[in-house]
Amino acid sequence: MFQPNMMEGQLHPLEMTQNTSESEIARMRDEEFDSTTKSGSDNHEGASGDDQDPRPKKKRYHRHTQHQIHEMEAFFKECPHPDDKQRKELGRELGLEPLQVKFWFQNKRTQMKTQHERQENTQLRAENEKLRADNMRFREALSTASCPNCGGPTAVGQMSFDEHHLRLENARLREEIDRISAIAAKYVGKPVVNYPLLSSPMPPRPLDFGAQPGTGEMYGAGDLLRSISAPSEADKPMIIELAVAAMEELIRMAQMGEPLWMTSLDCTTSMLNEEEYIRTFPRGIGPKPTGFKCEASRETAVVIMNHINLVEILMDVHQWSTVFSGIVSKATTLDVLSTGVAGNYNGALQVMTAEFQVPSPLVPTRESYYVRYCKQHAEGTWAVVDVSLDNLRPSPTVRCRRRPSGCLIQEMPNGYSKVTWVEHVEVDDRGVHNLYKQLVSSGHAFGAKRWIATLDRQCERLASVMATNITTGDVGVITNQDGRKSMLKLAERMVISFCAGVSASTAHTWTTLSGTGADDVRVMTRKSVDDPGRPPGIVLSAATSFWLPVSPKRVFDFLRDENSRSEWDILSNGGVVQEMAHIANGRDTGNCVSLLRVNSANSSQSNMLILQESCADPTASFVIYAPVDIVAMNVVLNGGDPDYVALLPSGFAILPDGTPASAGGIGDAGSAGSLLTVAFQILVDSVPTAKLSLGSVATVNNLIACTVERIKASLSCENA
């Protein structure tokens, strides 16, 4: 009998103003429910006898108290559907009839349902608008589609057999791209374009790479990297298509033999047949620019690192530039189009810039703007490819283009990997000094052999960091695991700092001094401020490169040996140099990190220690050292943080001279000559704001000139 009144008394939130609070709404509903209950009771009580009044009685309203509403709302949160027993108990506690409680809960449920429906309607309306916008965008894309044959407009549904075949092939490539990035989904149906017809150049947006003002003017260097920004949305489908095609080319370049790759007369290297390459890969990044030379090489080696770790190093720009610090002077990731799938780098796609170097100020660096793509081809087989994006940003300062280059990595037993490296670039090398022209033209300066040799040596170094089976019999061997790691980390920072400061990088400008005893000494200054890894003040760097008629191995052995150090090291003042500790980090006995002590007759230098790392591979060798404080080194040897040890590295970079007799590399003790770069860093003033004096420049100039003369004299005596 109460049901009709209950339905009449229900209130709908849509009929109420937005300014009405929830408590007011609830009170209004309660009043109507109460009136329904009371009116029903009054009619029931007065239904007998002649007292009945045929006229309808005015409804009496009863307002629930704030306490009653608060208690029922709290109960509703716990139990929105109370049973009879719960309603009676709640009504007794609140002084309400069970029927009043029942109606209040029914109305509350109706109110909540209405609110939920309103929220769902709002969400569905937003999704509908999004779908409508996507539909309009797809319609616009279809209206602007062009024929892949003639470039004219095309109509959906009118498709030749050839075009249908092309679209099926395109769909296959798109399916692969979907694993690279969700970006590709936006562009399905877009015709494939030839890479020379990439989108028109966009106005470059400035991007600061941290280069110092006024640097990089030699050979126009630095303009490219400073003007490049992240790719636009319009460029991304082109980049993806280029990366997929480059990956296919790299795999074929790594696996094919003759006639694409021809073996040299001495059977030591493979040479690319350029005519066969053009026939095999007619598409690509366009014809070779006028005045550019082609450098192509391929090398294979088995390295002591598992394939997953190798992929991680190659795809992490910091690790990559650290491992290849002798080749990569600086690198930046501009945009990450995809991070990969399934928690690994399979399908990862990055747009990068990098500067590649030879450790000498006489060889201009090579700047490159490219995309890097990583893909897993089979279980235990990965490939990482780079290809230039210069067609997206045409620039007259481009002097190096990377055709598909990279490596194929195959898993081997016992944590080893087989790496096949392909390096294929087109370059304008007219800025190279005559001293290095033969080395650069031979491909050994920037080629696959140098990349693979550096990787092999660094894998050995990383393995030595993790080694636990250190023999304790040898004197001076550091067996403390934490001490080994700290000392190797400090030495790594020393090597990176040396390599970054010795080349013709666009991050700094060399000034050539004339009238010196050495060959073309170049100097530059840097201010060191708030850098815990460098002493504060003005640092003067000086470097020179020259040829020696001695094999690289003999030069390396002479410079790394502490017993012959007094023959060339002027700063040791003729003192006896003694090795206090060392860490072997490679197969060759010359590959090690040493801590040397100079026992000088001058007691004021009794605390002088020298940290030295010597390393050699078939393409290059280094002897790098820096004076260190004895207190700081004790902290490092006990496993302390090495980042706060101030270093100013100096040292030597030794390269073969590129003649056929030196093809065997550093380890070959033949009659070929060597190219030696000597570089010093001297703190000339501990105040960063001080002015550099000509006397400081003359002192450093004399230091490097005398060192060069001593090295030449000592090695010529040995060679005699």
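**Reading burial, ring pairs and cores in a predicted model**

User: At its relative accessibility, does Val645 count as buried or exposed?

Analyst: The model is a predicted one. A residue is called buried when its relative accessible area is under 20%. Val645 has 5% relative accessibility, so it counts as buried.

User: Where is Val645 found, and which residues is it in contact with beyond its neighbours in sequence?

Analyst: Val645 belongs to the loop between α16 (630-637) and β18 (650-656). Leaving aside neighbours within four places in sequence, its contacts are Leu490, Arg493, Pro532, Gly533, Val628, Ala632 and Val636. Spacing in sequence and spacing in space may also be read side by side. Val645 and Val635 are 10 residues apart in sequence, and their C-alpha atoms are 9.5 Å apart.

User: What does the same reading give for Val555 in its helix?

Analyst: Val555 is part of helix α15 (residues 552-560). Its relative accessibility is 0%, so Val555 counts as buried. Residues up to four places away in sequence aside, Val555 touches Leu548, Val550, Ile654, Ser674, Leu676 and Leu715. Val555 and Leu655 are separated by 100 residues in sequence, yet their C-alpha atoms are 9.9 Å apart in space.

User: How many helices and strands does the protein have, and what percentage of its residues count as buried?

Analyst: The protein has 17 helices and 19 strands. Of its 720 residues, 49% count as buried. Contacts can be sorted by separation in sequence as well: among those between residues at least 6 apart, 67% join residues at least 24 apart.

User: How should one read a single helix, and what is found for α13?

Analyst: An α-helix has 3.6 residues a turn, so residues three or four places apart point the same way. Helix α13 (residues 448-466) has 19 residues and spans 27 Å from first C-alpha to last, close to the 27 Å expected at 1.5 Å a residue. As 16 of the 19 residues of α13 are buried, the helix is largely enclosed by the rest of the structure.

User: How many aromatic pairs are found, and how is the arrangement of a pair such as Trp104 and Phe105 read?

Analyst: The whole structure holds 12 aromatic pairs. For the arrangement, one reads the angle between the ring planes: over 60 degrees counts as edge-to-face. The rings of Trp104 and Phe105 have centres 5.2 Å apart and planes at 75 degrees, so this pair is edge-to-face. Trp104 is buried at 3% relative accessibility, and Phe105 is buried at 1%.

User: Which arrangement do Phe324 and Trp451 show?

Analyst: Their ring centres are 5.0 Å apart and their planes at 55 degrees, so the pair is tilted. Phe324 lies in the loop between α11 (317-323) and β4 (328-338) and Trp451 in helix α13, so the pair ties together parts that are 127 residues apart in sequence. Phe324 is buried at 0% relative accessible area, and Trp451 is buried at 3%. Ring pairs also link these two with Trp320, Phe356 and Trp421 into a cluster.

User: Which charged residues sit over rings?

Analyst: Arg366 lies over the face of Phe446, 3.9 Å from the ring centre. Arg402 places its charged end over the ring of Tyr370, 5.8 Å from the centre.

User: Which residues touch the most other members of the largest nonpolar core?

Analyst: That core has 73 residues, and those touching the most other members are Trp320, Phe324, Phe356, Val419, Trp421 and Tyr436. Helix α14 (residues 481-502) supplies the largest share of the core, nine residues. At least three residues come from each of domain 2 (233-465) and domain 3 (480-659 + 671-718). Residues up to four places away in sequence not counted, Val419 touches Glu299, Thr300, Ala301, Val303, Leu310, Cys407, Leu408, Ile409, Ile452 and Leu455. Apart from this core lies another of 32 residues, among them Trp568, Ile654, Val697 and Ile704.

User: Which features of the backbone can be read at Pro259 and Asn414?

Analyst: Here one reads the backbone angles. A cis peptide bond joins Glu258 and Pro259, with omega about 5 degrees. Pro259 lies in the loop between α8 (236-255) and β1 (261-263). Asn414 has a phi near 60 degrees, a positive value in a residue other than glycine. Asn414 is placed in the loop between β9 (405-411) and β10 (417-427). At 75% relative accessibility, Asn414 counts as exposed.

Conventions. Residues are numbered from 1 along each chain as its sequence is written. This is a predicted model: local features need pLDDT of at least 70, side-chain atom pairs count only at pLDDT 80 or more; totals for chains, interfaces and linings use all residues. Side-chain values use heavy atoms; hydrogens and water are left out. Helices (H or I, at least four residues) and strands (E, at least two) are DSSP runs, numbered from the N terminus. The expected span of a helix is 1.5 Å times one less than its number of residues. Buried means under 20% relative accessible area, exposed over 50%, partly exposed in between (1.4 Å probe, protein chains only). Rings of Phe, Tyr and Trp (its six-membered ring) pair if their centres lie within 6.5 Å; planes under 30 degrees apart count as stacked, over 60 as edge-to-face and the rest as tilted. A charge sits over a ring if NZ of Lys or CZ of Arg is within 6 Å of the ring centre and within 35 degrees of the ring normal. A nonpolar core is a set of buried Ala, Val, Leu, Ile, Met, Phe, Trp, Tyr and Cys residues joined through side-chain atoms within 4.5 Å. Domain bounds come from an automatic or database domain assignment. Contact means heavy atoms within 4.5 Å.
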